[in-house]
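Work through the exercises below with the structure open. Each solution follows its task directly.

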Amino acid sequence: MKAVAFFHTDDVRRVIDRAARAAAMPVSVHFVGGGEEGACPVSAGRCGACAYVAGRPGGPAACRASRLPAATTALRRNAPVAFLCHMGFGCVAAPALPGVDAAFALTLGPYCPAEAPQTLSRDFRAGLAALDEAGESPEDAEMPSLSDIPLAVSQAVPVLAAWASDELGRLWRAVEQAAPGSEMEVDDLGPGPRSGRRTRRTGLAEDPYRAHAIAAALAANKQAEAGALFRSALRETAARGGPAGCARTIAVAAAALEAGHHQLDEDGEAEGEQHAETGRQQRLLVE
């Protein structure tokens, strides 16, 4: 069964909607593969702050970059993983289909940990400052309301994520039982920045510096997106307690250069099949 068809079923929609209501926060599923985050076949809810960030230069890319490491870790561990997004909001990633060899990640969030409600506004302003490309200070930025970001006990959200994952897995097992021998077809939801390429199923956690995404953004002359990804990679490596800032900068830059050379090599090999593959995936998305 095609992933698009499965995640568009009414049963899956009911699970996602129920999880969003129970958690009082947005819930989404994304395809994750080849070190990139791809299409979102199903979601429920959206907070005003996230909509505001998505409208700022580099905002969507920074959101993808902050979700990706937690999603790949959740898929590797086959378990929920709590993380902070680039705006400082609490989120949880989990495998959308636990125990199934399919790279789909479930995300719950944002929320504010009930243990530290005073950090919400401060972290949001810091996130805006990091995104700002025009030199506008956080004090001068127009602040959206944060009232729809719920306070949640940190231990409760992974439990809700695990419940949603289990329900989606149960639905998929029912599909398998109804059609023995069926397999999840995941090649119909390629990564967003390179949707014309076949997605590799390996290497989900092999791009800790977002090198491929940075190289792709630079190749497309998306300077704001590349800058947001670069800063996000630096912040993440710093949070992991890595070496000094100069060394982190060099490491990220070197990884992006290497990814760019690799991408050029791939282009030479795959150029002949790219147009046909792009058309095929576009048809699959609407089937």
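**Exercise 1.** Decide whether cysteine 112 is buried or exposed in this predicted model.

*Solution.* Start with the relative accessibility of cysteine 112, which is 2%. Buried means under 20%. Cysteine 112 therefore counts as buried.

**Exercise 2.** Classify cysteine 50 by accessibility, then find out whether cysteine 50 is in a disulfide.

*Solution.* Step one: cysteine 50 has a relative accessible area of 25%. The partly exposed class lies between the 20% and 50% limits, so cysteine 50 is partly exposed. Step two: count the disulfides in the structure, which gives zero. Cysteine 50 is thus in none, and its nearest cysteine sulfur, that of cysteine 47, is 3.1 Å away. A disulfide needs sulfur atoms within 2.5 Å.

**Exercise 3.** Place proline 150 in the fold and list its contacts.

*Solution.* First, locate the residue: proline 150 is in the loop between helix H5 (119–131) and strand E7 (151–152). Next, check its cover: with 15% relative accessibility, proline 150 counts as buried. Then leave out residues up to four places away in sequence; proline 150 touches Ala23, Ala24, Met25, Pro110, Tyr111 and Cys112. Last, take proline 117, 33 residues apart from proline 150 along the chain. Their C-alpha atoms are separated by 9.7 Å.

**Exercise 4.** Summarise the whole protein: elements, burial and contact range.

*Solution.* Count the elements: nine helices and seven strands. Turn to burial: 48% of the 287 residues count as buried. Finish with contacts between residues at least 6 apart in sequence: 69% of these join residues at least 24 apart.

Notes. Residues numbered from 1 in each chain as written. Predicted model: local features only at pLDDT ≥ 70, side-chain atom pairs only at ≥ 80, totals over all residues. Heavy atoms only, no water. Helix = DSSP H or I, 4+ residues; strand = E, 2+ residues; numbered from the N terminus. Buried < 20%, exposed > 50% of the residue type's maximum accessible area, 1.4 Å probe, protein only. Contact = heavy atoms within 4.5 Å.
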